[in-house]
Amino acid sequence: MVERFFEHLEWERNLSPATLHAYRRETQGFVEFAATRLDVLGPDRASAAVIRAYLAHLHSKKLSPRSISRALACLRTFFRFLVAEGQLNSSPADAVPHPKGAQPAPEIADRYAIEDLLDGFPDTPAGRRDRAIVELLYAAGLRVGELVALDLDDLRIKERMLRVQGKGRKERLVPFGRKAADALNAYFPERRRWRMKREEDEEPLFVNQRGGRLTDRSVRRLLSEAVRRSANLVHVHPHALRHAFA
């Protein structure tokens with residue numbers, strides 16, 4: 001299943017070579033530690049205690065809290081994959097807290113934190129919308145005000161382009177990636193259903209469950225809730241996603 005996980009990251013999630021290398025290093029390091037030090041043969045037999053022992057091992061090697069937090073973020077992604085594949089009923093990594101001092105109010109969200117954040121959205125109508133929002137914020141480097149002002153006709157989904165009106169009412173065309181496009185396509189059926197009873201002329205891209213345009217405050221609130229679910233970042237301001245994009 002370990003190699004299947006790496007194939008999933010490369011072909012289905014389309015991660016960069018550097019990110020793939022990081023996931024491979026962290027995951028294989030854990031599997032080897034569990035087998036050689038604790039005689040736990042196979043990640044499907046690992047418990048939260050095994051994961052905590054591995055993190056303690058990293059601490060004994062003088063790794064920083066931030067590096068240990070990154071290792072745990074990788075393992076959370078790995079074990080969530082095993083759950084999705086039916087190998088486990090629940091992820092033991094979700095019961096393991098990140099080390100204190102690992103993410104002191106970061107202004108720039110690293111790739112591990114973003115992956116953990118995106119993996120935390122539930123597969124519900126609101127969850128699909130919220131993931132599309134964060135994917136687009138991250139992929140296109142948008143301000144929250146720019147995102148909530150988007151209308152449906154500002155989106156060219158086939159070309160993966162957005163028409164964005166920024167500061168000073170200046171328009172620009174912004175590209176975004178396949179993962180953001182996939183998230184938008186997953187959200188569109190929910191949007192159509194929520195908009196059925198609305199008769200207004202404007203067609204906002206992102207709407208609430210009553211069909212109205214999402215507000216700046218709503219986006220910031222859903223991001224805060226996603227951060228609490230991921231338990232990886234102490235705080236992520238939407239502006240930090242723009243830095244991560246850059």
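This passage describes the secondary structure of a predicted protein model, followed by its helix pairs, its sheet and several individual residues.

The protein contains 10 helices and three strands, and their order along the sequence is α-α-α-α-α-α-α-β-β-β-α-α-α. Of its 246 residues, 47% count as buried. When contacts in the protein with a separation of 6 or more are considered, 58% of them are accounted for by residues 24 or more positions apart.

At the start of the chain, helix α1, which spans residues 2-12, packs with helix α2, which spans residues 17-38, and the axes of the two come within 11 Å while crossing at roughly 165°. Because an angle over 145 degrees counts as roughly antiparallel, α1 is described as roughly antiparallel to α2. The crossing of this pair is right-handed. On the side of α1 the contact is formed by Val2, Glu3, Phe5, Phe6, Leu9 and Glu10, and on the side of α2 by Leu20, Tyr23, Arg24, Thr27, Gln28 and Val31. Sorted by class, the residues in the contact of α1 with α2 comprise seven nonpolar, two polar and three charged ones.

Phe6, a residue of helix α1, illustrates this contact in more detail. With residues up to four places away in sequence not counted, Phe6 touches Leu20, Tyr23, Arg24, Thr27 and Gln28. Although Phe6 and Arg24 lie 18 residues apart along the chain, their C-alpha atoms are separated by 7.1 Å. The relative accessibility of Phe6 is 4%, so this residue counts as buried, given that the term applies to values under 20%.

In the loop between α2 and α3 lies Asp39, a residue that has a positive phi of about 60° although it is not a glycine. Asp39 counts as exposed, at 59% relative accessibility.

A second helix pair is formed by α3, residues 48-60, and α4, residues 65-84, which pack at an angle of about 155° with their axes 10 Å apart. This angle makes α3 roughly antiparallel to α4, and α3 passes α4 in a right-handed crossing. In this contact, Ile51, Tyr54, Leu55, Leu58 and His59 of α3 meet Ile68, Ala71, Leu72, Leu75 and Phe79 of α4. By class, the contact of α3 with α4 holds nine nonpolar residues and one polar residue, with no charged residues.

The loop between α3 and α4 contains Lys62, for which a positive phi of about 70° is found although the residue is not a glycine. With a relative accessible area of 75%, Lys62 is exposed. Within helix α4 itself is Arg66, which is partly exposed, with a relative accessible area of 29%. Arg66 and Pro99 are 33 residues apart in sequence, while the distance between them in space is 8.0 Å, taken from C-alpha to C-alpha.

The three strands form an open sheet in the order β1-β2-β3, with antiparallel pairing. Strands β1 (155-156) and β3 (171-175) stand at the edges and have a single partner strand each, so that one side of each is left without a neighbour in the sheet. The pairing of β1 with β2, residues 161-165, is antiparallel and extends over two bridges. In this pairing, Leu155 stands opposite Leu162, and Arg156 stands opposite Met161. Four residues lie between the strands in the hairpin of β1 and β2, where Arg160 takes a positive phi near 55°. Strands β2 and β3 also run antiparallel and are joined by five bridges; Gln165 of β2 has Glu171 as its bridge partner in β3.

The two faces of β2 can also be distinguished by how they are covered. In a regular strand, side chains alternate between the two faces of the sheet. In β2, Leu162 and Val164 belong to a covered face, whereas Met161, Arg163 and Gln165 belong to an uncovered one.

Technical notes. Residues are numbered from 1 along each chain as its sequence is written. This is a predicted model: local features need pLDDT of at least 70, side-chain atom pairs count only at pLDDT 80 or more; totals for chains, interfaces and linings use all residues. Side-chain values use heavy atoms; hydrogens and water are left out. Two strands pair if DSSP finds at least two bridges between them. Axes are lines fitted to C-alpha atoms, for helices over the stretch in contact, and angles run from 0 to 180 degrees between N-to-C directions. Angles under 35 degrees count as roughly parallel, over 145 as roughly antiparallel, 65 to 115 as roughly perpendicular and the rest as oblique. A crossing is left-handed if the near helix is turned anticlockwise from the far one by less than a right angle, and right-handed if clockwise. Contact means heavy atoms within 4.5 Å. Ala, Val, Leu, Ile, Met, Phe, Trp, Tyr, Cys and Pro count as nonpolar, Asp, Glu, Lys and Arg as charged, and the others, Gly among them, as polar. Buried means under 20% relative accessible area, exposed over 50%, partly exposed in between (1.4 Å probe, protein chains only).
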